[in-house]
Amino acid sequence: FAGGGRFIGVHSSCVDKAAFQLFDWQIDKELWCEKTTGSFVISVSPSGSHVAIGRYSKLALHQAQNGKRIWQVTVDFPDELLWLCDTRDIVVAYSSLVTLLDRESGKVIWCEKHPYSSKPQLAYTPMRAILAITAASSRIVYLRDSVSGKLIGTIEGAHDNEITAMAFACGGKYLVTACVDQHIRIFSMAD
C-alpha cells in the first residue's frame, strides 16, 4: 500500500512473465499495468503520485495515475528504492552503492560506496535529514546526511547478528533496528 493506503502494486511472476499493476481500491479500478520479464523493485511515492520501477539496468519514474514515463536512467540493478519525501528525491541502493537521484530529472545528486555485499536496508527521517544504511551481512549502520551524502556517523556493534530491518521513530529522535536473532535495539540520535 502507498499514498494513504490507496494503491497496491502487484508483482506476479512465473518462469518468463512478470507484471506490475497499480490499483486504486477506493474506486475499485486498475489504473495501469506494465508487463515485463524478470524481477523488479518498485516504490510508490508517499502521496501516491509517482511510481519508481527498477529492473535489470534501468530505473524509470512514472506518473501513478496513467503510467506515463517521466524519465528513465541506466543504473545497476537496484536492490532497494526509498523516497526521501514526495517533493524531493529518490534513494537507489545497490549491493555496494547508494545513490540519490533528483526526482524531476533522474540525475545523480550524490553517489557513495559502502563496504557491504548484500541487499541494503534503508531508513530515512525527514525531520533530521538523516539516511541510515545497513545490509543483512553487516552489523554496522551508516548514517549519512541525505542532502550531501556525507557520512556523519556509524553505529557499530548494533547487534551480534545480521540486521534485518530498521526505522526512525519519534520524528527522527531514535533509530530502531531489528536483528535476525529477534532482538530489537533503540538508539538515540541526539548525538
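Here is a short chat about the cysteines and sheets of this predicted model.

User: Why is Cys170 called exposed?

Analyst: Cys170 has a relative accessible area of 58%. The label exposed needs a value over 50%, so Cys170 earns the word exposed.

User: And why does Cys111 count as partly exposed?

Analyst: Its relative accessibility is 39%. Buried would mean under 20% and exposed over 50%, so Cys111 lands in between and counts as partly exposed.

User: How many disulfides are there, and what makes a disulfide?

Analyst: You'd want a pair of cysteine sulfur atoms within 2.5 Å. By that rule, the count is zero.

User: OK, on to the sheets. What makes strand 16 and strand 18 edge strands?

Analyst: Picture an open sheet with the order 16-17-18 and antiparallel pairing. Strand 16 (163-169) and strand 18 (184-188) each have a single partner strand, so one side of each has no neighbour in the sheet. From one strand to the next, the twist averages 20°.

User: How do you know that strand 17 and strand 18 pair?

Analyst: Pairing takes at least two bridges. Strand 17 (residues 174-179) and strand 18 have five, in the antiparallel sense, so they count as a pair. One of the links joins Leu175 to its bridge partner Phe187 in strand 18.

User: Which order do the strands of the four-stranded sheet follow?

Analyst: That open sheet runs 8-9-10-11, paired antiparallel. Its edges are strand 8 (80-83) and strand 11 (108-113), each pairing on one side only.

User: What makes strand 9 and strand 10 a pair?

Analyst: Five antiparallel bridges link strand 9 (residues 89-93) and strand 10 (residues 97-102). At least two are needed, so the two strands pair. Val92, for instance, has Thr99 in strand 10 as its bridge partner.

Terms used:
Residues numbered from 1 in each chain as written. Predicted model: local features only at pLDDT ≥ 70, side-chain atom pairs only at ≥ 80, totals over all residues. Heavy atoms only, no water. Buried < 20%, exposed > 50% of the residue type's maximum accessible area, 1.4 Å probe, protein only. Axes fitted to C-alpha atoms, helices over the stretch in contact; angles between N-to-C directions.
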